[in-house]
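Please open the structure in a viewer and keep the selection panel at hand. The tour below proceeds one selection at a time.

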Amino acid sequence: MSIILYDSPTTVPGKALSPNMWKARFCLNYKGLAHKTEWVDYCDIQEHSKKLNIKPTGKNPDGTDFHSFPAIYDPKTGVYLADSFQIAVYLDKTYPDTPAIFPNNTIGLQAAFEGIFMASIGPFLGFTLYDTWAVQLPVSHDYVRKKFEGIFGGMPLEEIAPKGDRAIEEWKKLEEGFGKVEGLFKATDEVGPLVLGDRVSWGDIVVASFLIYFKRLWEGTEKDEQWRNISTWQGGRWAALLDKLDAYTAIH
Ligand SMILES: N[C@@H](CCC(=O)N[C@@H](CS)C(=O)NCC(=O)O)C(=O)O
């Protein structure tokens, strides 16, 4: 009886891409919990979640419920649950004998870390949206285009990525954002390269989920340079972090 992880397929080898889904996958792998991915097209996430009675994770601008993946179904408890953070908290509570994602009661602190990380890497979105759309399955293209263009006030997807000098500036800002995050890791470098020093926790999983997203999106494509560049930032810290968590990247 395996836990089911709901994710949406892309054309990237192995299908998995979204950083939010990776957060849940990293948690399941890190804990060594048997699980199996069930692939549901991106354009069907809302309908599928409603059908399974999974609680919404937010509201749409018009006030209606917003559902999202990752979601899980745990046959041991009968629980359906969405939201990467809630899934991590649930797994720690339900499987206390597996490695903790929030050791030493760090749930609040780790949530704060994630907030700082997300606020620091904002410029990534302009660089990833079109490429992320391009690797969606055709059935989801219209839905995802509308969604992503909505995020940028209706700008056509093809025009969202910054170009010329702005691209250089925005890329620099992204590097500086990662520099800020480095400060949060550095403080415990003498203990180890992870945010808590020597043991994996939510903060590492969040950062690694974005790194694996950038890597899977760009490595070996015409944007290969972007991934190679990120992996050299802050003295190669991010490539090293992803290597450190490589054991937890299997797609089941
Ligand atoms: N806070 C949520 C956000 C998840 C989220 O936004 N997921 C996107 C996919 S990456 C989604 O399911 N979107 C559904 C839709 O746009 O219909 C989490 O961390 O799990």
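Which helices each supply at least two residues of the shell around the ligand? Please note at the outset that the model is predicted. To find the answer, select helix H1 (19-31), helix H2 (45-51) and helix H6 (141-151), for each of these supplies at least two residues of that shell.

**The ligand and its shell**

Select the ligand next; it sits in the largest pocket. Around the ligand there are 15 residues, and the closest are Gln46, Phe69, Ser84, Tyr143 and Lys147. If the shell is coloured by class, seven nonpolar, six polar and two charged residues appear.

**Polar side chains at the ligand**

Now display three side chains in turn. Begin with Gln46, where a polar side-chain atom lies 2.8 Å from an oxygen atom of the ligand. Continue to Lys147, which places a polar side-chain atom 2.7 Å from an oxygen atom of the ligand. Then select Asp83: here a polar side-chain atom is 2.9 Å from a nitrogen atom of the ligand. With the protein surface switched on, consider how much of the ligand is covered: on its own the ligand has 510 Å² of accessible area, and the protein covers 83% of this.

**Two points in the backbone**

Return to Phe69, one of the closest residues to the ligand, and follow the chain to Pro70. The peptide bond from Phe69 to Pro70 is cis, with omega near 10 degrees. Pro70 itself is found in the loop between strand E4 (65-66) and strand E5 (71-74).

Next, select Asn53, in the loop that lies between H2 and strand E3 (58-59). Asn53 is a residue other than glycine with a positive phi, near 60 degrees.

**The annotated domain**

Finally, select residues 8-99, where an unreviewed UniProt entry places the feature "domain: GST N-terminal". Over this range the chain is 34% helix and 18% strand, and its end C-alpha atoms are 27 Å apart.

Key:
Residues are numbered from 1 along each chain as its sequence is written. This is a predicted model: local features need pLDDT of at least 70, side-chain atom pairs count only at pLDDT 80 or more; totals for chains, interfaces and linings use all residues. Side-chain values use heavy atoms; hydrogens and water are left out. UniProt positions are given in the numbering used here, feature names are shortened, and annotations may be inferred rather than shown by experiment. Helices (H or I, at least four residues) and strands (E, at least two) are DSSP runs, numbered from the N terminus. A residue is near a molecule or strand if one of its heavy atoms lies within 4 Å of it. A polar contact is a pair of N or O atoms within 3.5 Å; within protein, one must be able to donate a hydrogen and the other to accept it, and residues adjacent in sequence count only if both atoms are side-chain atoms. Accessible areas come from the Shrake-Rupley method with a 1.4 Å probe; for residues, only the protein chains shown count as cover. On a 1 Å grid over the protein atoms alone, a cavity is a set of points where a 1.4 Å probe fits but cannot get out, and a pocket is an open set with protein on both sides within 12 Å along at least five of seven lines; lining residues have an atom within 4 Å of a point. A molecule sits in a cavity or pocket if more than half of its atoms lie within 2 Å of its grid points. Ala, Val, Leu, Ile, Met, Phe, Trp, Tyr, Cys and Pro count as nonpolar, Asp, Glu, Lys and Arg as charged, and the others, Gly among them, as polar.
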